[in-house]
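Open the model in your viewer and keep the selection panel at hand. The stops below say what to select and what is there.

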Amino acid sequence: MSFDVVASSRIEQRQITPWRYIAQTGVQIGLLGIFLGVVGILGMFNKRPIIVGELTLGYATLGLVFLVAGILVGSRRLFASIPQTLLAGLVAGTIAATVFALLPIAMSLISLRSIFVSLDPTLYEMLTFGYRAPVGIGQIICLGAVLGLLGAALTELPRSVRRPISGGLVAAALAGLFQELLRPILANSKVSKPLHDLLYTWGGLTLRGAITIFAVTAIAITVYDLSRDRFNAKFQSLPSPNRRRIRWGFLAAAIFLCLLFPLYAGHFIGQVLLTVGLFTLMGMGLNLEVGIAGLLDLGFVAFYAVGAYVTGLLMADSPFALAHMSFWEAMPIAVLCSVVMGVIFGIPVLKVRGDYLAVATMGLGEIVRVIVLSDAAAPLLGGAKGILQIPRPVIGDFHLNNPVLLFYLTLVASLVAAYAAWRLEESRLGRAWKAIRDDEDVAQALGINLIQVKLLAYGLGAAFAGLAGSIFAVMLGSIYPHSFQLIISINILALIIVGGLGSLPGVALGAIVLIGLPEMLREFGEFRYLFYGLAIVAVMRLKPEGLWPSASKKRELRIDAETLAVQQGAATADAKTT
Amino acid sequence: MTAIEKAGVKARIPQIFGSLHKFTYVEAVLWLVRISVVAVVILGTIGTLIKGTYSSSQWFAFFTFGLTIGGVYALIALGYTMVYGILRLINFAHGDITMTGAFSAFFLARSFDRSGFLDAYPVTSMVAIMLLSMAVCTVTALVVERICYRPFRHVASLAPLICAIGASFVIQHTFRGMFGNTVRSYPDPEWMKGTIELAGFSIAIVQLIVFGMAITAMLVLYLIVQKTKMGTAMRAVSEDRDAAALMGIDSNKVIIFTFVLGACMAGIGGVLYCFVYKQIYFFSGFLPGIKAFSAAVLGGIGNIPGAMLGGVFLGIVESMGPPLFLDGIGIPAPYQLRDLIAFTMLVLVLVFRPQGLLGEALAKKRA
């Protein structure tokens with residue numbers, strides 16, 4: 001099995017003229033804008049200010065869409081001369097805005113609200129800037145033209161100018177977007193209070209603050225870019241032990257800061273980090289199955305459920321409880337039960353491969369959920385009402401009773417799990433997994449015991465999920481079958497794909513991007529799964545190796561690219577000789 | 001074909017002997033699963049029949065409901081099976097594509113219902129609803145094909161499956177964003193209510209209509225695939241894409257045609273499903289989708305009559321199974337476990353008989 005994607009050759013090679021490309025891009029971007037409006041993203045984003053009274057996230061998104069039209073056209077290098085490129089950006093932006101303007105025009109002519117729930121008067125007001133229809137629509141088209149032009153101009157700028165500008169814009173946008181999070185942190189201490197007053201008012205980021213952040217970030221990036229080469233040269237000239245020491249020093253400092261951060265940031269951040277940690281744990285488990293052993297599993301949530309239910313049954317103060325153990329006794333048993341469950345899952349699907357494996361495991365996962373939810377199992381597992389009153393873990397007399405403390409528990413568990421996963425990947429077993437991932441038949445011919453190795457992948461992968469489930473049970477204090485839907489399996493799959501299959505830091509990064517960000521932007525919760533879907537498709541299409549690919553994956557991709565280049569070279573050589 | 005089959009039989013004989021002296025614990029577990037499933041079925045059936053909880057008219061009602069819903073599964077399953085036949089790819093988003101058509105058609109049906117048009121002109125309005133649903137499904141399917149499947153057409157990997165999972169999320173939540181997350185109730189016109197007496201048994205009219213329309217749609221599809229030039233091309237491409245290309249068949253066109261055909265069937269199936277269950281929301285596509293996929297696997301994926309048969313079979317087992325098998329062994333509220341039967345059948349078929357009831361063997365190398 002291979003996740004490497006070679007851009008398909010035969011269909012895509014259609015020659016199109018530059019102007020046709022520009023028109024096509026413009027129309028597509030315009031349709032994207034309409035999509036964002038109709039789905040309700042623009043309306044929802046418009047309620048969130050980035051700069052108080054000046055710019056909302058909705059307008060920023062709309063502007064970004066038009067900017068992308070210019071960037072796409074500009075980065076294609078369709079024309080040699082700069083004025084022509086700028087003109088192309090202008091045209092693309094105008095076309096995009098004109099197509100997009102069909103939405104407010106349609107809204108002004110007929111009432112679509114009875115079908116499309118998000119096309120309400122507030123959205124109309126936003127799209128026409130509060131003016132009457134012709135004026136507002138004219139403004140939109142002008143905006144599109146200007147932003148298209150700017151986008152194309154951005155691609156023409158040299159890298160040393162482009163990087164500070166885009167970095168500064170991103171930093172200012174982030175500061176505005178996460179103001180609810182940053183403000184309490186800054187305002188809490190006396191040291192950072194003046195900084196808070198400089199950047200924010202009670203309503204959010206001020207224009208002054210935005211400009212300050214933009215300028216500071218831009219300057220920082222410029223300085224960094226200018227001095228990076230010198231630093232690198234100096235770093236390279238150091239003797240190797242020193243270099244290693246500096247590297248470890250940086251790493252230790254970073255870890256130390258990360259450890260302190262949740263204590264300082266409060267319960268909400270603690271809760272978000274805790275969720276990220278749980279998903280990282282499960283991601284590492286699924287990574288063993290999918291990323292390393294190549295066994296696609298959509299029933300992973302079942303192991304999580306087993307971990308949580310076993311912990312609940314062994315600890316809870318409820319009629320369903322089998323025992324009243326402490327967390328430290330219940331957790332190993334829960335993990336063990338998950339391992340058993342993993343092996344039980346593994347046995348029937350041993351012979352099923354590829355896509356079918358995904359569907360079979362999904363079926364098994366759903367079977368577990370339906371059984372847990374049913375009245376038939378209710379006397380044992382509590383049915384839809386779940387298991388309540390699970391106590392929090394205790395160390396001596398110390399109760400781990402808030403999210404931050406539980407986060408530290410998860411962190412320790414994650415570190416242990418990460419170490420285990422890392423050692424497993426490099427072990428003989430890990431190499432066997434990689435072998436069956438690449439070619440099962442060859443692996444068998446080389447003497448790998450397929451049954452044993454596959455069952456170990458399921459069992460060990462399930463152990464991680466069981467551990468996460470165990471912590472989840474004590475985190476919530478109660479568990480319901482509705483917490484264990486198929487969507488969790490797909491979440492985990494999505495996060496390891498986005499992070500980079502087979503890469504441990506990728507799992508953490510994927511969890512932060514796909515779980516942490518949406519948790520922090522709670523009010524956009526409805527759209528998080530839309531965002532997931534788009535992220536999965538985009539990563540598969542554009543960057544199939546993920547955001548943080550593992551070193552071996554990078555190496556494989558490079559080899560593949562070289563092979564491809566050689567093959568293509570041979571093909572052209574053949575074509576020339578014949 | 002026969003030569004291949006013969007070779008297959010020859011290859012299997014040593015396999016059977018081999019498995020006798022290599023009876024591993026995996027085999028033991030698989031036999032345990034087989035035996036326990038058979039035991040549940042037999043014991044449950046005997047138990048239910050002895051208890052006699054249900055009358056014969058109730059059994060007949062279970063059967064006709066199963067037949068009806070099975071016809072709908074069959075329609076949706078055709079989309080899975082045809083795409084698999086051509087591309088060797090599971091169109092994971094097909095269930096959600098089904099939902100898009102039915103959800104869009106809901107608004108037309110609602111406006112027809114409110115204006116009284118649906119009661120006054122049943123045939124015209126049903127045709128209009130179906131056409132809208134088919135059109136929306138077709139557009140969605142083609143967009144999904146263009147974005148998620150076409151770039152990976154020449155690559156054997158899991159990428160298209162993962163992309164399809166992403167696409168199914170995007171479709172669901174686009175529709176949630178557009179049409180809201182409330183459960184909408186489908187219109188229930190007067191002429192669909194009531195029952196017909198037939199030889200002492202009563203059949204609901206809505207079931208007759210749904211099953212009749214499903215059968216008609218499947219007949220039309222069968223004629224298209226068997227009699228038209230495009231259908232012939234489709235069969236040729238599914239047999240051997242390279243050879244078909246050498247014969248001058250534009251495989252790209254055929255693939256698009258296949259998606260359109262599958263989407264049209266899904267469009268009809270989705271609307272019929274909604275007329276049976278009377279409700280729709282953005283997640284409605286998942287269950288019929290996964291069940292139709294089970295039906296396609298059950299009938300032998302890639303096999304068109306197999307999908308029809310598998311759908312009807314699954315519908316009947318799902319409807320009659322809980323009272324027949326589970327009630328007898330004393331499980332409370334067996335109807336809650338209806339989905340369990342579909343999923344269990346899916347897993348069992350994938351594990352024990354991957355070629356399905358009448359299908360070709362699954363391409364084992366496609367991993």
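Start with chain B, which in this predicted model has 14 helices and four strands. Colour chain B by burial: of its 367 residues, 49% are buried. If contacts are drawn for pairs at least 6 apart in sequence, 78% of those in chain B join residues at least 24 apart.

**The hairpin in chain B**

Select residues 195-198 and 201-204 of chain B. These are strand 2 and strand 3, which run antiparallel and are joined by four bridges. Within the pair, B:I196 is placed opposite B:I203 of strand 3. Now add the turn. Two residues lie between the strands of this hairpin, and B:A199 has a positive phi near 50° there.

**Two loop residues with positive phi**

Go next to B:R88, in the loop that links helix 3 (56-87) to helix 4 (94-115) of chain B. Its phi is near 55°, which is positive although the residue is not glycine. Is B:R88 buried, exposed or partly exposed? B:R88 has 17 C-beta neighbours inside 10 Å, so it counts as partly exposed; burial would need 20 or more.

Then select B:K278, in the loop between helix 11 (251-277) and strand 4 (279-280) of chain B. This is another residue other than glycine with a positive phi, here near 65°. B:K278 is partly exposed because it has 13 C-beta neighbours inside 10 Å, and the exposed class ends at 12.

Keep B:K278 selected and show what surrounds it. Which residues does B:K278 touch, leaving out those up to four places away in sequence? They are B:S185, B:Y186 and B:D188. For a distance label, use the C-alpha atoms of B:K278 and B:P187: they are separated by 7.0 Å, while the two residues are 91 apart along the chain.

**The nonpolar core**

Select A:M282, A:I536 and B:A74 together. These residues have the most contacts inside the largest nonpolar core, which has 276 residues. Zoom in on B:A74 and hide its neighbours within four places in sequence. The residues still in contact with B:A74 are B:A214, B:M218, B:A295, B:A307, B:M308, B:G311 and B:V312.

**Chain A as a whole**

Switch to chain A, which has 24 helices and six strands. Its C-alpha trace spans about 75 × 75 × 65 Å along the principal axes. What does the radius of gyration of chain A agree with? The value is 27 Å, and a compact globule of 578 residues would have one near 25 Å, so the two agree. Of the 578 residues in chain A, 45% are buried. Among its contacts with a separation of 6 or more, 77% are between residues 24 or more positions apart.

Colour chain A by pLDDT before going further. The mean is 81, and 92% of the residues reach 70 or more. Then select residues 1-13 of chain A, where pLDDT stays under 50. The model has 30 contacts beyond four places in sequence for this stretch.

**A loop in chain A**

Select A:E54, found in the loop between strand 1 (49-51) and strand 2 (55-56) of chain A. A:E54 has 14 other C-beta atoms within 10 Å and is therefore partly exposed. Add A:L207 and label the C-alpha to C-alpha distance: it is 7.5 Å, for two residues 153 apart in sequence.

**Where the chains meet**

Finish by showing both chains. In the contact between them, 54 residues of chain A meet 51 residues of chain B. On the chain A side, the elements that give two or more residues are helix 1 (18-39), helix 15 (354-373), helix 21 (486-499) and helix 23 (528-542). Which of these gives the most? Helix 15 of chain A does, with 12 residues. Colour this side of chain A by residue class: 38 residues are nonpolar, nine are polar and seven are charged.

How values were computed: Residues are numbered from 1 along each chain as its sequence is written. Chains are lettered from A and ligands numbered from 1 in the order in which they are written. This is a predicted model: local features need pLDDT of at least 70, side-chain atom pairs count only at pLDDT 80 or more; totals for chains, interfaces and linings use all residues. The radius of gyration is taken over C-alpha atoms; the globule rule is 2.2 Å times the number of residues to the power 0.38. Two residues are in contact if their C-beta atoms, placed from the backbone, lie within 7 Å. Ala, Val, Leu, Ile, Met, Phe, Trp, Tyr, Cys and Pro count as nonpolar, Asp, Glu, Lys and Arg as charged, and the others, Gly among them, as polar. A nonpolar core is a set of buried Ala, Val, Leu, Ile, Met, Phe, Trp, Tyr and Cys residues joined through C-beta atoms within 7 Å. Two strands pair if DSSP finds at least two bridges between them. pLDDT is the predictor's confidence in each residue, from 0 to 100.
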